[in-house]
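This report goes through some local features of one protein model. The sequence and structure come before the text.

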Amino acid sequence: MNPLVRPPRLAPGARVAVVAPSGPVPEERLQAGLDILRGWDLDPVVMPHALERQRELDYLAGTDEQRAADLQAAWCDPSVAAVLCARGGYGAQRMVDLLDWETMRAAGPKVFAGFSDVTVLHQAFATRLGLVTLYGPAAAGVDFLKNARAQEHLRATLFEPESVRTVKAVPPGGAALVPGRARGITLGGCLSLLASDLGTPHAHPGARGGLLLVEDIGESPYRMDRYLTQLLRTGWLDGVAGIVLGSWAGCGPYGELRAVLADRLGGLGVPVVEEFGFGHGEGALTMPLGVGAELDAEVGTLTLDEPALS
């Protein structure tokens, strides 16, 4: 596993496109997110179907074709410096195969950010475009709109990435589930989506040589056991260098979940740090995917070899 291409950082006045590749977005939340982006001196543009809701399947923001067309048009627009996802939810798996990856590759590197269901697209951007992406707050996400830490860490990553080369776990998290230090290339996202994406054309073939970042929401401990066991049984976790565990909102009592994590991951013999503070939790950090880094599980830090953006 090698480091991926780092897109250019953003500059004041940059045009950014907001897309909804998965679930529908409440208009008031989207407008609040746009106000934050404008406050950063960005020029946000909302793609045509971002506020759509499919009639028959109302958990989707428009049809698969509409969501794919929005993402591709935003990415291939030379005036757009970044594509930000409005939210996660569900639906990226349904539209990822509709994207023209050759055309998108020809458009050149730019920033892509989002989390949760967007994990599917993060994997595809890595395997098809070879690009570093940002696993961070959604532009219309509830936590992003209300939490200054989530806003500031994303802003710093976009504009001043050298200032956040060392990402430190959010207190009181950051304890070592398994102590040690490890080096590798960051990858990962939402655990249930990583498991669902196994064997698909755009997924990482495995985590060998990687520092795996994983988190989830609303999954009971036995379901987490199922996802981790699936990754173990397929060999996807063979050769992983280290693991960074994020937030587990709504995943049951943490003591029960921690027992599952220790049981399923402890036998890998690699450093594991828990409750790092990214994902669906409050004040979520922005985590670059596709960059070389060093994990120190005992101190609770992830130090990037280079800034996430060039």
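In which helix does Arg258 lie? Arg258 lies in helix H10. The model is predicted, so local features need pLDDT of at least 70 and side-chain atom pairs count only at pLDDT 80 or more, while totals for chains, interfaces and linings use all residues. Residues are numbered from 1 along each chain as its sequence is written, and side-chain values use heavy atoms, with hydrogens and water left out. Helices (H or I, at least four residues) and strands (E, at least two) are DSSP runs, numbered from the N terminus.

**Helices H9 and H10**

Arg258 has a relative accessibility of 34% and counts as partly exposed. For these classes, buried means under 20% relative accessible area, exposed means over 50%, and partly exposed lies in between (1.4 Å probe, protein chains only). Not counting residues up to four places away in sequence, Arg258 touches Leu177 and Glu274, where contact means heavy atoms within 4.5 Å. Arg258 and Leu177 are 81 residues apart along the chain, and their C-alpha atoms are separated by 8.7 Å.

The helix that holds Arg258, H10 (residues 254-265), also packs with H9 (residues 221-233): their axes come within 9 Å and cross at roughly 15 degrees. H9 is therefore roughly parallel to H10. Angles under 35 degrees count as roughly parallel, over 145 as roughly antiparallel, 65 to 115 as roughly perpendicular and the rest as oblique. Axes here are lines fitted to C-alpha atoms, for helices over the stretch in contact, and angles run from 0 to 180 degrees between N-to-C directions. On the H9 side the contact is made by Pro221, Met224, Asp225, Leu228, Thr229 and Leu232, and on the H10 side by Glu256, Leu257, Val260, Leu261, Arg264 and Leu265. By class, this contact has eight nonpolar, one polar and three charged residues. Ala, Val, Leu, Ile, Met, Phe, Trp, Tyr, Cys and Pro count as nonpolar, Asp, Glu, Lys and Arg as charged, and the others, Gly among them, as polar.

**Phe159**

Phe159 lies in helix H7 (residues 148-159) and is buried, with a relative accessible area of 12%. Leaving aside neighbours within four places in sequence, Phe159 is in contact with Arg9, Leu10, Ala11, Pro12, Trp40 and Leu42. The C-alpha atoms of Phe159 and Pro12 are separated by 8.2 Å, although the two residues are 147 places apart along the chain.

**Cysteines**

Why are Cys85 and Cys251 not bonded to their closest cysteine sulfur? A disulfide is a pair of cysteine sulfur atoms within 2.5 Å, and a search of the whole structure finds zero. Both sulfurs are too far from the closest one, in Cys190, for a bond.

| Cysteine | Distance to the Cys190 sulfur | Relative accessibility |
|---|---|---|
| Cys85 | 14 Å | 1%, buried |
| Cys251 | 8.5 Å | 1%, buried |

**Backbone in the loops**

Most residues other than glycine have a negative phi, and most peptide bonds are trans. Asp41 has a positive phi near 65 degrees; Asp41 is in the loop between helix H1 (27-39) and strand S2 (43-46) and is partly exposed at 45% relative accessibility. Ser116 also has a positive phi, near 65 degrees. Ser116 is found in the loop between strand S4 (111-114) and helix H5 (119-129) and is buried at 9% relative accessibility. The peptide bond from Pro171 to Pro172 is cis, with omega near 5 degrees, and Pro172 is in the loop between strand S6 (166-168) and strand S7 (176-178).
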